[in-house]
Amino acid sequence: MVPAATFEQLDLDSLAVVELFVVLTEELGIEVQDGEADPDLTLAGVADLIAEAVKP
């Protein structure tokens with residue numbers, strides 16, 4: 001997969017994106033703000049959100 005690929009380009013609908021963020025919240029304790037679970041978000045953007053959220 002390409003880091004610049006968006007969820008939309010990967011054919012993930014809005015429900016799949018929300019489910020992904022639910023898993024991230026439950027498994028990693030990441031709090032996702034409204035608007036961050038956007039189909040135009042890239043894989044690199046998700047990685048950045050995760051990295052920021054797990055910073056000590």
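Let me start with the buried residues of α1, which are V17, F21 and L24, and please keep in mind throughout that this is a predicted model. These three cover an arc of only 55 degrees around the axis, and therefore they sit on the same side of α1. If you turn to the other side of the helix, you come to L15, E26 and E27, which are exposed. The helix itself runs over residues 14–28, and its 15 residues reach 21 Å from the first C-alpha to the last, close to the 21 Å expected at 1.5 Å a residue. Just after α1 comes G29, whose phi is positive, near 70 degrees.

So what do the buried residues of α1 pack against? Their partner is α2, the helix that spans 43–53. The largest nonpolar core brings together 6 residues, namely F7, V17, F21, L24, L41 and V46, and α1 gives the largest share of this core, with 3 residues. As a general remark, in soluble globular proteins nonpolar side chains tend to be buried together.

I would like to stay with F21 for a moment, since its contacts can be followed residue by residue on the screen. Leaving aside residues up to four places away in sequence, F21 touches F7, V32, E36, A37, L41, V46 and L49. Among these contacts, F7, L41 and V46 are also members of the core that I have just listed.

Next, let us move to the segment before α1, where T6 has its place. Is T6 buried or exposed? With a relative accessibility of 14%, T6 falls under the 20% cut-off, and so T6 counts as buried. Again not counting residues up to four places away in sequence, T6 touches P39, D40, L41 and T42, and you will recognise L41 from the contacts of F21.

Finally, I turn to E52, which is found in helix α2. Here the relative accessibility is 51%, and because that is over the 50% cut-off, E52 counts as exposed. Which residue forms a salt bridge with E52? The partner is K55, and the closest N and O atoms of the pair are 3.4 Å apart. K55 is exposed too, with a relative accessible area of 54%. A search of the whole structure finds 1 salt bridge. As for the position of E52 relative to the rest of the chain, its C-alpha atom is separated by 9.3 Å from that of I30, although the two residues are 22 residues apart along the chain.

Conventions
Residues numbered from 1 in each chain as written. Predicted model: local features only at pLDDT ≥ 70, side-chain atom pairs only at ≥ 80, totals over all residues. Heavy atoms only, no water. Helix = DSSP H or I, 4+ residues; strand = E, 2+ residues; numbered from the N terminus. Buried < 20%, exposed > 50% of the residue type's maximum accessible area, 1.4 Å probe, protein only. Contact = heavy atoms within 4.5 Å. Core = buried A, V, L, I, M, F, W, Y, C linked by side-chain atoms within 4.5 Å. Expected span 1.5 Å × (residues − 1). Arc of directions from axis to C-beta. Salt bridge = Lys/Arg side-chain N within 4 Å of Asp/Glu carboxyl O.
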